[in-house]
Amino acid sequence: MPIALTAKEARAFLRARGHDATDLTPLAGGLWSTTFAFREGERDFVVRFHERRDDLEKDLLAERWRSPALRVPHMVEIGDHGTGGYGIAERVAGAPLDDLDEDGLRRVLPSLFAAMDATREADLAGTRGYGLWHGDGSAIHATWADNLVREDPPGERAEQRELLARTRIGTAEFDTGLARMRELLPFCPPVGQDRHLVHNDLLNFNVLVDGAGVILLDWGASIFGDFLYDAALLTFWWPWYRERWGGIDIRGEIERHHARSGARIPAFAERLRVCELDIGVGHIPWQAGRGEWDKSAWTARRTADLAARDLGSSG
């Protein structure tokens, strides 16, 4: 649960740390954070009180990869708060990507794809590992395949399956998706060619859009691995947004973007499908564990469909 604070408590906390915070306004927070906008002098800021300080450290580290294509808010201060942490960042303005209509999204796709290209090209010197990384730039898995299968101790896949076996969702779609992933693992790029920066949360109100394009927020879910994972996030969840964006063939747009840029991606279809299935297999138990039964059932159906679907289509 996110750290719970009132605006009065947040103002007192900030002022105790030397900030003349005025006009505190609650903002929509994430699953683990409570967020306020405030002014100090003539400048606008956002403060997040986060259960996991490490996520705030990741936002700070992500600034090293900032560029005109990969726009990231500037983190000005991080510190401890209770059992978690707080982070103050310069406030950026824009409309959430999720709220755009189809025409608006079509206009912003070039900027979104440019940001995805920039993450692929990010210099990861000084970081290590695969999968979810921490604020010091380290991730726990030795290879991309290890991150996908996740059978090394404590055996996350076994734990996920045990959780699902105790719920109304069951394990059938989870097992189907995981089995198909294992079949496709040999198509993943070899070690040394498969480690890139992945934002891993391009939906869920983590991308803002202004006149200059997209701004990527909240790097807490970011991973190191196959850069196609960000593309798979879009293709996997696209049917969920069918009413809003159903007229856009997002996989086709991604493929045409790569073709225009001259990028040659070996085993594109197989790698994309592995990433799609990992997203599904991971989210079925995540949603079920939170009691989100309708979402978990939808994700289970989507995962089973992708496991059986021709590699040339994401539906």
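In this predicted model, helix α6 and helix α11 (residues 293-308) pack against each other at an angle of about 35 degrees, and their axes lie 9 Å apart. The crossing in which α6 passes α11 is left-handed. On the α6 side, the contact is made by Glu173, Thr176, Gly177 and Arg180, and these residues meet Ala300, Thr303, Ala304 and Ala307 of α11.

The loop between α5 (156-165) and α6 (172-184) is home to Arg166. With a relative accessible area of 66%, Arg166 is exposed. A long stretch of chain can still be bridged in space here: Arg166 and Ala288 are 122 residues apart in sequence, yet their C-alpha atoms are 9.9 Å apart.

A second helix pair offers a useful companion to the one above. Helix α3 (residues 102-120) and helix α9 (residues 250-261) pack at an angle of about 60 degrees, with 11 Å between their axes. The two helices are therefore oblique to each other, and α3 passes α9 in a right-handed crossing. From α3, the residues in contact are Arg106, Leu109, Phe113, Asp117 and Arg120, while α9 contributes Ile250, Glu253, Ile254, His257 and His258. One of these α3 residues, Arg120, also lies over the face of Phe227, at 5.2 Å from the ring centre.

Aromatic side chains deserve a closer look. The count comes to 13 aromatic pairs. In one of them, the rings of Phe38 and Phe45 have their centres 5.6 Å apart and their planes at 25 degrees; with planes under 30 degrees apart counting as stacked, the Phe38 and Phe45 pair is therefore stacked. Both Phe38 and Phe45 are buried.

The rings of Trp65 and Trp133 are arranged in another way: their centres are 5.8 Å apart and their planes stand at 85 degrees, so this pair is edge-to-face. Trp65 sits in the loop between α2 (53-62) and β4 (75-81), whereas Trp133 belongs to strand β7 (residues 130-133), so the pair ties together parts that are 68 residues apart in sequence. Trp65 and Trp133 are both buried. Trp133 has a charged neighbour as well, since Lys58 lies over the face of Trp133, at 4.5 Å from the ring centre. Elsewhere among the aromatic residues, ring pairs link Phe13, Phe36, Phe49 and Tyr86 into a cluster.

The backbone holds a little interest of its own. Most residues other than glycine have a negative phi. Against that background, Asn204 has a positive phi of about 60 degrees, although it is not a glycine. Asn204 is placed in the loop between β9 (196-198) and β10 (207-210), and at 52% relative accessibility it counts as exposed.

Asp218 is also not a glycine and has a positive phi, here of about 50 degrees. The loop that holds Asp218 runs between β11 (213-216) and β12 (223-225). At 23% relative accessibility, Asp218 counts as partly exposed.

Conventions
Residues numbered from 1 in each chain as written. Predicted model: local features only at pLDDT ≥ 70, side-chain atom pairs only at ≥ 80, totals over all residues. Heavy atoms only, no water. Phe/Tyr/Trp six-rings, centres within 6.5 Å; stacked < 30°, edge-to-face > 60°. Buried < 20%, exposed > 50% of the residue type's maximum accessible area, 1.4 Å probe, protein only. Helix = DSSP H or I, 4+ residues; strand = E, 2+ residues; numbered from the N terminus. Lys NZ or Arg CZ within 6 Å of the ring centre and 35° of its normal. Axes fitted to C-alpha atoms, helices over the stretch in contact; angles between N-to-C directions. Parallel < 35°, antiparallel > 145°, perpendicular 65-115°, else oblique. Left-handed = near helix turned anticlockwise from the far one by under 90°. Contact = heavy atoms within 4.5 Å.
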